[in-house]
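User: Please take me through this model. For each term, say what it rests on.

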Amino acid sequence: MKRPLIGITGKRRFGRDLAGNWSSMSDSSADVFWVMYAEGILSAGGFPVFLPIDVDPVDAVDNLDGLLLTGGTDIDPKHYGEEPEHYGKTSATDLFPYEPMRDEFEFGLLDAVGETSLPVLGICRGHQVINVHAGGSLNQHVPEHAAFDQTITTRSHEVFFESGSELSRLYGSKSEVNSFHHQTVNRLGEGLEATAYAKDGAIEGLEHTDLPILSVQWHPEMLPTRPTDPIFSWLVRNAG
Ligand SMILES: [Mn+2]
């Protein structure tokens, strides 16, 4: 059966970062992907394609039916015209060091998507990448919102969906979600609408007004509901 091909982004590492590797491979590239994203795509009927971080983004988009921008580290704030506010100041925030190659690749993918109708789903960092690519900005450090001490399946706060939005069609009026982010969307990017909020005002969902671009700040792929989570079906359906 021919399934829609969904590109999944990861992060660049090297042989020297991988335990058990041998020294002659130290400088060889090794991209790393969380398999839970692929499982979500498979359950929804798509075929996951892990994207090497240095493929041509235009070529990638030409050969895919949909795109999943995944969670990860912080975006370099220079992409929204700001200086780092927290980096290097506390050990907690240093857990999210910038990855310039990944920033460049994911922004390149969204450049290539452009005004095409290729569906894009953003999760966590992907949600933030979509906003920044559209000219938006982030709150660089919101530790009071994060729940990093919880397990990945702990639904630590509610999100409320705007009526009439795509996310409300998928999830109803509210849902309980996990929360592993210390940054939040600040200024909205062009063409984007905030359609999900936490009680503290954090923007937990975005959708494009004209294009099939949707994003959430939480991690549906980590929850036990992953095999039937409607957001993966949304992506595969729009890619088909
Ligand atoms: Mn949250």
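User: How many bridges join β8 to β9, and in which sense do the two strands run?

Analyst: Strand β8 (residues 157–161) and β9 are joined by four bridges and run antiparallel. Two strands count as paired if DSSP finds at least two bridges between them, so four is enough here. One of the bridges sets His157 against Val177 in β9. This is a predicted model: local features need pLDDT of at least 70, side-chain atom pairs count only at pLDDT 80 or more, and totals for chains, interfaces and linings use all residues. Residues are numbered from 1 along each chain as its sequence is written.

User: What makes a stretch a helix or a strand, and how many of each are in the chain?

Analyst: Both are DSSP runs, numbered from the N terminus: helices are H or I over at least four residues, and strands are E over at least two. The chain has six helices and 13 strands.

User: Why is the chain called as compact as a globular protein of its length?

Analyst: Its radius of gyration is 17 Å, close to the 18 Å from the globule rule for 240 residues, so the description fits. The radius is taken over C-alpha atoms, and the rule is 2.2 Å times the number of residues to the power 0.38. Along its principal axes the C-alpha trace spans about 55 × 50 × 35 Å.

User: Which strands stand at the edges of the open nine-strand sheet, and what makes them edges?

Analyst: The order is β4-β1-β5-β6-β13-β12-β11-β8-β9, with mixed pairing. β4 and β9 (174–177) each have a single partner strand, so one side of each is left without a neighbour in the sheet. Neighbouring strands are turned by 25 degrees against each other on average, direction ignored. Such angles are taken between N-to-C directions of lines fitted to C-alpha atoms, for helices over the stretch in contact, and run from 0 to 180 degrees.

User: What makes the pairing mixed?

Analyst: Parallel and antiparallel pairs both occur. β1 (residues 5–8) pairs in the parallel sense with β4 (residues 47–50) over four bridges, and Gly7 has Val49 as its partner there. β1 also runs parallel to β5 (residues 66–69), with three bridges, and Ile6 stands opposite Gly66. By contrast, five bridges join β11 to β12 in the antiparallel sense, with Ala196 opposite Gly205. β12 and β13 are antiparallel too, over three bridges; Glu207 is partnered by Leu214.

User: How do you know that α4 is mostly covered?

Analyst: Nine of its nine residues are buried. A residue is buried if 20 or more other C-beta atoms lie within 10 Å of its own, exposed if 12 or fewer, and partly exposed in between, with C-beta atoms placed from the backbone. Among the buried residues of α4 (residues 125–133) are Arg125, His127, Gln128 and His133. The helix lies across β5, β6 (120–123), β11 (192–197), β12 (203–208) and β13 (213–216), at about 120 degrees to β6.

User: Is Asp31 buried, exposed or partly exposed, and why?

Analyst: Asp31 has 15 other C-beta atoms within 10 Å, so it is partly exposed. The residue sits in strand β3 (residues 29–32). Apart from neighbours within four places in sequence, Asp31 is in contact (C-beta atoms, placed from the backbone, within 7 Å) with Gly10, Lys11, Arg12, Phe50, Pro52 and Ile53.

User: What makes a set of residues a nonpolar core, and which members touch the most others in the largest one?

Analyst: The members must be buried Ala, Val, Leu, Ile, Met, Phe, Trp, Tyr or Cys residues, joined through C-beta atoms within 7 Å. The largest such core has 49 residues, and Ile6, Ile41, Leu67, Leu68, Val120 and Leu235 touch the most other members. Helix α6 (residues 230–239) supplies the largest share, six residues. Leu235 has contacts beyond four places in sequence that include Ile6, Ala44, Leu68 and Leu121.

User: How do you know that the span of α3 is close to the expected one?

Analyst: The expected span is 1.5 Å times one less than the number of residues. Helix α3 (residues 100–113) has 14 residues and reaches 20 Å from its first C-alpha to its last, close to the expected 20 Å. Its buried residues include Phe105, Leu109, Leu110 and Val113. Just after the helix, Gly114 takes a positive phi of about 45 degrees.

Technical notes
Contact = placed C-beta atoms within 7 Å.
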